[in-house]
Amino acid sequence: RRPRRNLEVHLASPLFSFFMPSLVARVGRMGLLSSARLAPIIRGMATRAVVKEGSGKGIAQPAARFEPLSRGMATRAEIKDMSNDKWSEEFQKATIDLAKMDIHGISYQESAQRMRDLLKTGLLRHTDLESNPERFFLAHRLLALHAPQLGPGFWIRFTVHYNLMAGSVLGLGSPEQVALLDDMQDKGELGCFSLTEKLAGVSSGLVVGTTADWDSSAQTFTLHSKDQGAYKNWISQGIMADKTVVVANLMIGGKSYGPHAFLMNLREGGVPVEGVTTGDMGRKTVGNDLDNAWIQFDHVKLPKSALLSRYADVEGDEYVQRVKGMPVFHMIGQRLFTGRVAVAQAALMFRKKLFETTKEYALTKQCWTPKGDKPLMTVPQVKAIFDENDKRAASMEAFVFKCESELCSVLRSNSMPNLPLVEAIAVAKVKAVEESIEMCHRLQNEVGSYALMGGTGFEQKDFLTCCKFAEGDSRVLMQKMARDRVKAAAKKPDHGDAEELRLCSILSSAVATDPTNGWDENFATVYELAEVIMANTMKDFMAN
């Protein structure tokens with residue numbers, strides 16, 4: 001999987017069989033489907049392609065494994081009008097074959113092809129994020145059911161394409177740019193999101209070293225990584241993607257206008273465009289079916305139309321902000337809201353599935369006792385952790401669901417979420433993930449050697465670590481909560497929860513005494529304050 005100058009790819013006639021009653025029956029019992037009806041959809045293909053990285057020559061892309069919508073599959077109008085139950089059933093049919101994926105041996109090309117196949121079914125349109133956001137979140141939840149078996153790779157591939165790449169075009173693009181998404185979907189073209197850099201990661205905020213200089217004579221942008229610190233880093237699907245939304249510092253006449261998003265071809269005919277170099281981040285603990293790349297841009301020429309121009313553009317060699325008081329970098333951050341809800345739900349679905357399958361084992365595994373064999377599930381501490389999880393999961397799922405419901409209303413109206421919703425979504429992301437990490441770890445330590453066996457789901461627990469870092473690292477979000485609260489308390493020292501104010505006072509005094517080290521030396525108090533804030537946020541949000 002390391003990048004090579006010459007890489008032969010053999011794709012050998014995979015058979016897509018979507019009939020797997022046992023899994024569908026389980027999903028049905030979870031209330032995600034109204035029935036377990038499945039109709040086999042089988043289509044095979046065989047192709048052989050040769051990839052020559054950097055050669056400038058094209059490759060033969062594998063043909064679509066699904067028939068176009070006009071040939072036997074549901075039409076776009078039929079898909080749009082499907083009930084949630086019917087759509088869930090069809091989406092499960094289209095993804096049921098993921099259960100057969102050999103995550104230890106599958107190539108990036110094969111994994112990406114599965115994503116292309118799913119994309120071309122048209123079951124989830126790029127525009128559903130705004131027109132049918134409930135379906136967007138449902139798709140993420142259904143895919144997360146596979147995570148205890150497959151790990152994070154395919155789920156991340158899916159959300160990077162639909163939420164980060166397509167969602168950025170939807171939110172930042174002009175009508176003409178948004179229309180390009182339909183063409184991408186029909187062709188099965190994959191996208192990635194090029195934001196994080198070697199010296200600007202999840203702990204750095206929206207800071208980028210990559211520049212996009214406006215060339216007035218050519219009426220083009222020049223995209224450039226000024227040094228290795230500006231190389232895009234950990235870009236999921238970055239080796240296989242055809243297009244990318246790249247975030248770069250817009251420069252006009254030597255003046256910086258801050259981070260802006262550009263939609264560009266990353267590969268043409270299967271090889272990187274001129275001036276683009278990619279490399280593999282290397283082997284990971286999980287998710288090795290997903291390509292994670294570093295990307296260098298060396299004076300890449302982009303047309304004027306590459307700048308996503310809904311909120312800002314270049315006209316007459318001048319910067320034009322189309323919506324006053326709406327900085328573009330604020331709108332780039334919009335994708336964090338949908339992503340945080342999706343990540344929170346994914347963590348909860350992983351946890352739910354892991355507890356479900358482990359419970360099946362615990363109910364049948366017999367343990368010796370002086371009075372005869374009894375199921376593992378009757379051991380007091382084992383039963384207690386399942387009971388505790390049921391209560392805590394129900395509460396957390398209700399909170400996250402309310403966040404989704406209110407965010408869907410915002411997405412449909414194409415408006416900005418209010419501050420209480422923004423804060424609730426941040427809390428949902430942190431608490432759903434951290435609580436899932438805690439409960440799954442505790443479960444692992446109560447079920448004996450079963451937790452050491454492959455195929456139980458415990459070996460994929462790093463899925464939750466991926467959730468912890470995604471869409472805003474949990475620690476960074478908690479730091480921001482605490483800092484914002486301390487600032488607010490300084491302005492209104494008698495307003496708010498008493499415990500919050502007490503902790504704010506401790507931190508304010510520490511910083512006043514030692515401006516350089518006061519905050520860091522009291523990091524435990526910082527996170528204690530964040531925990532209190534999150535508990536109060538959940539209580540207030542659910543009460544309103």
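Trainee: Leaving aside neighbours within four places in sequence, which residues is V447 in contact with?

Mentor: In this predicted model, V447 is in contact with T358, Y361, L376 and F458. Each counts as a contact because it has heavy atoms within 4.5 Å of V447.

Trainee: Where in the chain is V447 found?

Mentor: V447 sits in the loop that runs between α13 (419-444) and α14 (462-469). Its C-alpha atom is separated by 10.0 Å from that of V379, a residue 68 places away along the chain.

Trainee: Why is V447 called buried?

Mentor: The relative accessible area of V447 is 4%. Buried means under 20%, so V447 is buried.

Trainee: What makes S436 count as buried?

Mentor: S436 has 0% relative accessibility, which is under 20%, and therefore S436 counts as buried. The residue is part of helix α13. Beyond the residues up to four places away in sequence, S436 touches A347, L348, R351 and L464.

Trainee: Why is H299 called partly exposed?

Mentor: The relative accessibility of H299 is 47%. Partly exposed covers the values between under 20% and over 50%, so H299 belongs to that class. H299 lies in the loop between β12 (292-297) and β13 (300-303). Its phi is near 50°, a positive value in a residue other than glycine.

Trainee: How do you know that D317 counts as partly exposed?

Mentor: By the same kind of check. D317 has 31% relative accessibility, neither under 20% nor over 50%, so D317 counts as partly exposed. The loop that holds D317 is the one between β14 (312-315) and β15 (318-321). D317 is not a glycine, and its phi has a positive value, near 65°.

Trainee: Which residues of the largest nonpolar core touch the most other members?

Mentor: They are W87, F262 and F399, in a core of 148 residues. Helix α11 (residues 334-364) gives the most to this core, with 13 residues.

Trainee: What does F262 touch, not counting residues up to four places away in sequence?

Mentor: The list includes A212, F221, V246, L250, L302 and L308. T244 is also one of the residues that F262 touches. Thr is not among the residue types that can belong to a nonpolar core, so T244 is a contact of F262 without being a core member.

Trainee: How many cavities of 30 Å³ or more does a search of the whole structure find?

Mentor: Three. The second largest has a volume of about 50 Å³.

Trainee: What lines the second largest cavity?

Mentor: The lining consists of L98, L143, H146, A147, L150, G151, F154 and W155. Helices α7 (147-150) and α8 (153-172) each supply at least two of the lining residues.

Trainee: What makes two residues of that lining polar by class?

Mentor: The lining has six nonpolar, two polar and no charged residues. H146 and G151 are the polar ones, because neither His nor Gly is in the nonpolar or the charged list, and the others, Gly among them, count as polar.

Trainee: How many helices and strands does the chain have?

Mentor: The chain has 18 helices and 17 strands. Of its 544 residues, 55% are buried. Among contacts between residues at least 6 apart in sequence, 75% join residues at least 24 apart. The accessible surface comes to about 24000 Å², and 54% of that belongs to carbon and sulfur atoms.

Methods: Residues numbered from 1 in each chain as written. Predicted model: local features only at pLDDT ≥ 70, side-chain atom pairs only at ≥ 80, totals over all residues. Heavy atoms only, no water. 1 Å grid on protein atoms, 1.4 Å probe; cavity = no way out; pocket = protein on both sides within 12 Å on 5 of 7 lines; lining within 4 Å. Points joined across faces, edges and corners; volume = space filled by probe spheres on them. Helix = DSSP H or I, 4+ residues; strand = E, 2+ residues; numbered from the N terminus. Buried < 20%, exposed > 50% of the residue type's maximum accessible area, 1.4 Å probe, protein only. Core = buried A, V, L, I, M, F, W, Y, C linked by side-chain atoms within 4.5 Å. Areas by Shrake-Rupley, 256 points an atom, 1.4 Å probe, with all protein chains shown as cover.
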